Amino acid sequence: MSTTARTRAQRPGRRDALLRLGAVAATTLAAAAFAAAEAPPDAVQGEWQKLMYLHVPAAWCAYASFAVALVASAAHLRTRSLLADRWALAATEAGVAWTALALVSGSIWGRAVWGVWWAWDPRLVSTALLFVAYVACLGVRGTGSLAAGRRRAAWTAAGAFALVPVVHFSVLWWTGLHQQATLLADSRQVPPIDPRMALALGLAVVAASAVSGAFLIWRVGALDRPDDEAAQRPGGASVEQTPSTVTAIP
Amino acid sequence: MTAPRRRRRRLLLVTALVAGGLLVAGAAAKGTLVYSQSPSQVLGSGDSRSVRLSGTVVPGTLVVSGRETRFALRDTGKPATAADTVDVVTRDAPPDTFREGQGAVVEGRLDASGTFVASQVIVKHSNVYRAKPPSSVGATTRSTSSP
């Protein structure tokens with residue numbers, strides 16, 4: 001791996017942070033995998049319940065990524081900081097990927113336990129909306145000039161965050177098929193989960209968070225190349241050169 | 001992009017967002033934004049339209065004969081009474097996770113005799129996660145069982 005003298009001088013701590021977080025991610029991933037394998041199968045769901053160790057961390061990391069995107073977008077709108085915009089973009093990308101993973105793992109889990117791949121349940125529908133909203137956020141970045149695209153992406157990321165509490169509380173606000181939270185359940189009740197399952201789930205959440213954090217640091221660094229800021233958008237420079245073809249479509 | 005065009009596009013976007021919001025709010029106010037109803041809600045209404053019911057499978061009522069499955073479904077979280085228990089019949093084989101005393105969602109309609117004819121049975125599981133008893137674990141997946 002070769003880095004230019006300039007980037008190294010600009011971000012001296014980034015590689016260290018990436019290495020450290022990468023080590024944490026690798027360690028916790030191994031621990032989580034071991035704990036998940038050792039955790040007992042569920043009394044009702046059997047081995048399928050282990051999809052929880054993928055599904056719940058994915059949903060948590062999606063929430064966390066969108067929170068980072070919200071803060072970074074607000075910072076970009078206030079200061080026009082390009083660094084804040086890179087964080088917003090990286091976090092939005094991570095959040096979209098985690099949401100997709102939550103939807104896919106949830107669909108498989110649903111087929112195995114509920115008997116259906118999909119249901120018009122409030123949690124499922126609101127999560128699908130969340131996915132669409134943040135895909136739109138990545139899309140609006142390519143409209144107009146680079147600066148306008150960045151601002152539109154920031155406004156979209158800020159607005160779409162309103163869906164996060166809707167997704168999280170959908171299982172309480174409406175009757176649906178999706179079960180209510182276990183770990184974030186009402187504190188007056190004893191968490192109704194086997195301690196070995198809770199340990200595996202906790203480790204999986206930490207591991208996924210570390211992976212997500214390492215991705216963010218790597219991605220922000222990769223976007224931070226001074227020579228090609230146009231690389232922040234798919235198609236990059238060519239789109240910028242021919243704006244007429246973009247605007248002519250509608 | 002010219003200025004009037006941009007304004008028109010922005011107006012379109014705002015209109016679409018407001019229309020979408022109003023649609024959702026209207027649906028919520030009319031009570032159509034529900035995934036499912038409870039047995040007592042449908043039994044009381046005499047409604048024969050296709051609905052989704054969610055409740056608890058009453059223990060001791062599950063009977064499987066040939067392709068037909070029969071069971072009683074009652075409001076979750078209440079003791080069973082005649083007013084909130086409905087007999088369900090279905091030709092859709094419930095998933096393996098279907099159990100008496102557990103939650104289920106049925107899709108279908110009430111027939112003239114008051115039996116709910118379900119085209120689909122979905123298992124609704126709780127947020128409780130307990131280990132499978134060691135004896136059954138050892139038989140199927142593992143040779144050793146933890147103490």
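**A buried serine, strand pairing and the interface of chain B with chain A**

B:Ser38 is buried, because its relative accessible area is 18%, below the 20% limit applied for this class. The model is a predicted one, and the values reported here are computed from it. In chain B, the loop that links α1 (3–30) to α2 (39–45) holds B:Ser38. When residues up to four places away in sequence are set aside, the contacts of B:Ser38 are B:Leu53, B:Ser54 and B:Asp75.

Strand β6 of chain B, residues 116–124, takes part in two pairings described here. With strand β4 (residues 85–90) of chain B, β6(B) pairs in the parallel sense, over three bridges. With strand β5 (residues 103–110) of chain B, β6(B) runs antiparallel, and eight bridges join the two. B:Val117 in β6(B) has a partner in each of these pairings: B:Val89 stands opposite B:Val117, and B:Arg109 also stands opposite B:Val117. The connection between β5(B) and β6(B) is a hairpin with five residues between the strands. In its turn, B:Gly114 adopts a positive phi of about 90°.

Chain B also forms an interface with chain A. Chain B contributes 30 residues to the contact, and chain A contributes 40 residues. About 2800 Å² is buried between chain B and chain A, with carbon and sulfur atoms giving 53% of this area. On the side of chain B, the residues that lose the most area to chain A are B:Tyr35, B:His125 and B:Tyr129; together they supply 28% of what that side buries.

As to polar interactions, zero salt bridges are counted between chain B and chain A. Polar contacts do occur across this interface, with twelve residue pairs found in which both members have pLDDT 80 or more. Within chain B, the elements that give two or more residues to the side touching chain A are α1 and β6. The largest share of that side comes from β6(B), which gives five residues. Strand β6(B) thus appears both in the pairings with β4(B) and β5(B) and in the contact with chain A. Sorted by class, the side of chain B that touches chain A consists of twelve nonpolar, nine polar and nine charged residues.

Terms used
Residues are numbered from 1 along each chain as its sequence is written. Chains are lettered from A and ligands numbered from 1 in the order in which they are written. This is a predicted model: local features need pLDDT of at least 70, side-chain atom pairs count only at pLDDT 80 or more; totals for chains, interfaces and linings use all residues. Side-chain values use heavy atoms; hydrogens and water are left out. Two strands pair if DSSP finds at least two bridges between them. Helices (H or I, at least four residues) and strands (E, at least two) are DSSP runs, numbered from the N terminus. Buried means under 20% relative accessible area, exposed over 50%, partly exposed in between (1.4 Å probe, protein chains only). Contact means heavy atoms within 4.5 Å. Buried area is the accessible area (1.4 Å probe) that two parts lose on being put together, summed over both. A salt bridge is a side-chain nitrogen of Lys or Arg within 4 Å of a carboxyl oxygen of Asp or Glu. A polar contact is a pair of N or O atoms within 3.5 Å; within protein, one must be able to donate a hydrogen and the other to accept it, and residues adjacent in sequence count only if both atoms are side-chain atoms. Ala, Val, Leu, Ile, Met, Phe, Trp, Tyr, Cys and Pro count as nonpolar, Asp, Glu, Lys and Arg as charged, and the others, Gly among them, as polar.
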